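Grab a pencil and have the 3D viewer ready. Below are a few short exercises, each with a worked solution.

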Amino acid sequence: MGASSVSVTYVLGFAPDCYGGHWVVLEVYNVNTAGKVSFTYDGTIDNDNGRSYILGTSDQNTDNKVFGISRIETVSITRK
C-alpha cells in the first residue's frame, strides 16, 4: 500500500502599511468600480474585520482601512 499525500497552497498578500506590516490569506480577486484589483481574504486576526485590500500601495487609504498589497507569495503545505 503506497503512501498518499495531500497538498494545499495558500496565496499570501503583504500589506506594508497595515499597522507595521501584515500578511493576509488572499482568496479571490476582482476589479472594483475604480478599476483596481481588490481581494477578498481570510483574516488572520479579529482586527482584520472591516479592512479591505487592493493591489499596490499608491491608491490605498489607510484612514478608511483600505490597505495596499505590495507583495504576493504562495506557500504549499504537503501532508503525508
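Before you start, one term: two strands count as paired if DSSP finds at least two bridges between them. Also keep in mind that this model is predicted.

**Exercise 1.** Work out the strand order of the open sheet, and find which strands lie at its edges.

*Solution.* Start by following the pairing across the sheet: its 6 strands come in the order 5-4-3-2-1-6. The pairing is mixed. Now look at the ends of that order: strand 5 and strand 6 (71-79) are the edge strands, because each pairs on one side only. Going from one strand to the next, the twist averages 50°.

**Exercise 2.** Zoom in on strand 1 and strand 2: how many bridges join them, and do they run parallel or antiparallel?

*Solution.* Count the bridges and you get 5. The two strands run antiparallel. For one example, take Gly13: its bridge partner in strand 2 is Val24.

**Exercise 3.** Stay with Val24 and place it in the largest nonpolar core.

*Solution.* That core has 9 residues, including Val24, Leu26, Tyr41 and Ile69. Strand 2 (22-31), strand 3 (37-42) and strand 5 (66-69) each give two or more residues to this core. Next, check what Val24 touches beyond four places in sequence: among them are Tyr41, Tyr53 and Ile69.

**Exercise 4.** Is Ser4 buried or exposed?

*Solution.* First locate Ser4, in the segment before strand 1 (6-15). Its relative accessible area is 61%, and the cut-off for exposed is over 50%, so Ser4 is exposed. Leaving aside neighbours within four places in sequence, Ser4 is in contact with Arg79 and Lys80.

Methods:
Residues are numbered from 1 along each chain as its sequence is written. This is a predicted model: local features need pLDDT of at least 70, side-chain atom pairs count only at pLDDT 80 or more; totals for chains, interfaces and linings use all residues. Side-chain values use heavy atoms; hydrogens and water are left out. Helices (H or I, at least four residues) and strands (E, at least two) are DSSP runs, numbered from the N terminus. Buried means under 20% relative accessible area, exposed over 50%, partly exposed in between (1.4 Å probe, protein chains only). Contact means heavy atoms within 4.5 Å. A nonpolar core is a set of buried Ala, Val, Leu, Ile, Met, Phe, Trp, Tyr and Cys residues joined through side-chain atoms within 4.5 Å. Axes are lines fitted to C-alpha atoms, for helices over the stretch in contact, and angles run from 0 to 180 degrees between N-to-C directions.
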